[in-house]
Every structure is written in structure tokens, then in C-alpha cells.
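Colleague: Please take a close look at one part of this model for me. I would like a single residue placed in its element, and then set against the rest of the chain.

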Amino acid sequence: LQDRGLALTTLRCAAPLDTAAFDIPLQMQSASEGMRTQKINAFGDDPKVWAQASPVNHVAAGKGMPSFLFVVRNVQSTIAQQQAFKDKLDAAGVSHSTISAPTLSHDEVNTLIGAPRDTIMTPPLMAFLQRCFADRE
């Protein structure tokens with residue numbers, strides 16, 4: 001955002017749907033070879049870059065951070081990282097909400113959005129987005 005001359009407050013909300021990349025150095029400690037390769041392809045192999053790219057290291061009160069929406073599936077490593085990030089958001093006074101989707105796969109989290117008769121992803125996502133956009137009008 002800074003590179004484009006935009007303030008953090010430009011973001012109305014953020015919905016990192018089903019991710020565990022909140023603390024990349026922590027994730028790299030227990031990542032499978034495939035996940036490690038994916039993260040290195042995305043972030044390189046420098047632990048300093050991993051720390052800089054980790055959202056958990058950028059949460060602070062008064063920064064104008066957006067509200068967050070999380071999707072929690074039944075993946076313990078993801079749940080732990082999400083909870084640590086949510087705890088930091090709580091400490092900074094940043095609002096967040098959660099969609100509980102323990103029976104969904106990663107693909108289903110994404111493909112169900114907007115699907116006819118979906119009751120898990122679409123309704124809470126739409127409600128979150130409506131709140132985000134209503135708060136800034």
C-alpha cells in the first residue's frame with residue numbers, strides 16, 4: 001500500500017479465507033516438504049523476509065487495521081496460527097469474526113462461496129462484507 005501511496009485505512013476489511021501464513025517462520029518449522037517448497041517459492045529462503053512477510057508481526061493498535069474474517073477448518077496447525085493472530089488483533093482492538101467450517105476442505109471453502117444453497121460460507125461472508133462497506137459509507 002505504501003508503495004502506491006495508500007494508507008492502511010484504505011482497506012475496508014480483510015478475509016484471509018483458510019490460511020496459515022500468519023507466522024511464516026513458525027510455519028516453516030513444521031512444514032511438510034511440499035508446503036516448505038511452496039512458501040520458499042512465494043517468500044524466498046531468508047528468515048528475515050519470512051518475518052517481514054508475516055502478518056502477525058505487523059499488528060498494532062492505532063494503525064487503522066481493517067476488520068478480519070477467518071475461516072476455521074479442522075486443521076490444528078492452521079487453527080493455532082489463526083488463534084495467535086486473533087489474540088494479537090484482540091490486544092490491538094481490531095475487530096474480527098470467524099466462519100466455522102470444520103467439515104470443509106480447503107477447496108470447498110473457496111468453491112462454496114456463492115454456490116446455490118450454500119449455508120456455510122456465503123451467508124457469513126456476505127454479512128461481513130456488508131458490515132465492512134456499511135461502516136465506511
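The reply below starts with one lysine and then widens to the whole chain.

Modeller: Keep in mind throughout that this is a predicted model. Take Lys39 as the part to look at. Lys39 sits in helix H2, which covers residues 33–43. Is Lys39 buried or exposed? Its relative accessible area is 11%, under the 20% cut-off, so Lys39 counts as buried. What does Lys39 touch beyond its neighbours within four places in sequence? Its contacts there are Ala21, Gln27, Met28 and Gly44.

Now a residue at the other end of the accessibility scale. Gly62 lies in a loop. That loop runs between helix H3 (47–53) and strand S2 (67–72). Gly62 has 80% relative accessibility, and the cut-off for exposed is over 50%, so Gly62 is exposed. Look across from this loop to Val94. Gly62 and Val94 are 32 residues apart along the chain. Their C-alpha atoms are separated by 9.1 Å.

Two cysteines come next. Cys13 is buried, because its relative accessibility of 17% falls under 20%. Cys132 is buried too, with a relative accessible area of 4%. How many disulfides does the structure hold? The count is zero.

Step back to the fold. The chain has six helices and three strands. From the N terminus, their order is β-α-α-α-β-α-β-α-α. The radius of gyration is 16 Å, and the globule rule gives 14 Å for 137 residues; these values are close, so the chain is as compact as a globular protein of that length. Along the principal axes, the C-alpha trace spans about 40 × 35 × 30 Å.

How do the contacts spread along the sequence? Take those in the chain with a separation of 6 or more. Residues 24 or more positions apart account for 66% of them.

Burial and surface complete the picture. Of the 137 residues in the chain, 31% are buried. Lys39 has that status at 11%, as does Cys132 at 4%. The chain exposes about 8,200 Å². Carbon and sulfur atoms supply 53% of that area.

Last, the charges. The chain carries 12 positive and 13 negative charges. The mean positions of the two sets are 4 Å apart.

To return to your request: Lys39 is a buried residue of helix H2, and Ala21 and Gly44 are among its contacts.

Definitions and conventions:
Residues numbered from 1 in each chain as written. Predicted model: local features only at pLDDT ≥ 70, side-chain atom pairs only at ≥ 80, totals over all residues. Heavy atoms only, no water. Helix = DSSP H or I, 4+ residues; strand = E, 2+ residues; numbered from the N terminus. Rg over C-alpha atoms; globule rule 2.2 N^0.38 Å. Buried < 20%, exposed > 50% of the residue type's maximum accessible area, 1.4 Å probe, protein only. Contact = heavy atoms within 4.5 Å. Areas by Shrake-Rupley, 256 points an atom, 1.4 Å probe, with all protein chains shown as cover. Lys, Arg positive; Asp, Glu negative; His and termini not counted. Charge placed at Lys NZ, Arg CZ, Asp CG, Glu CD. Disulfide = S-S within 2.5 Å.
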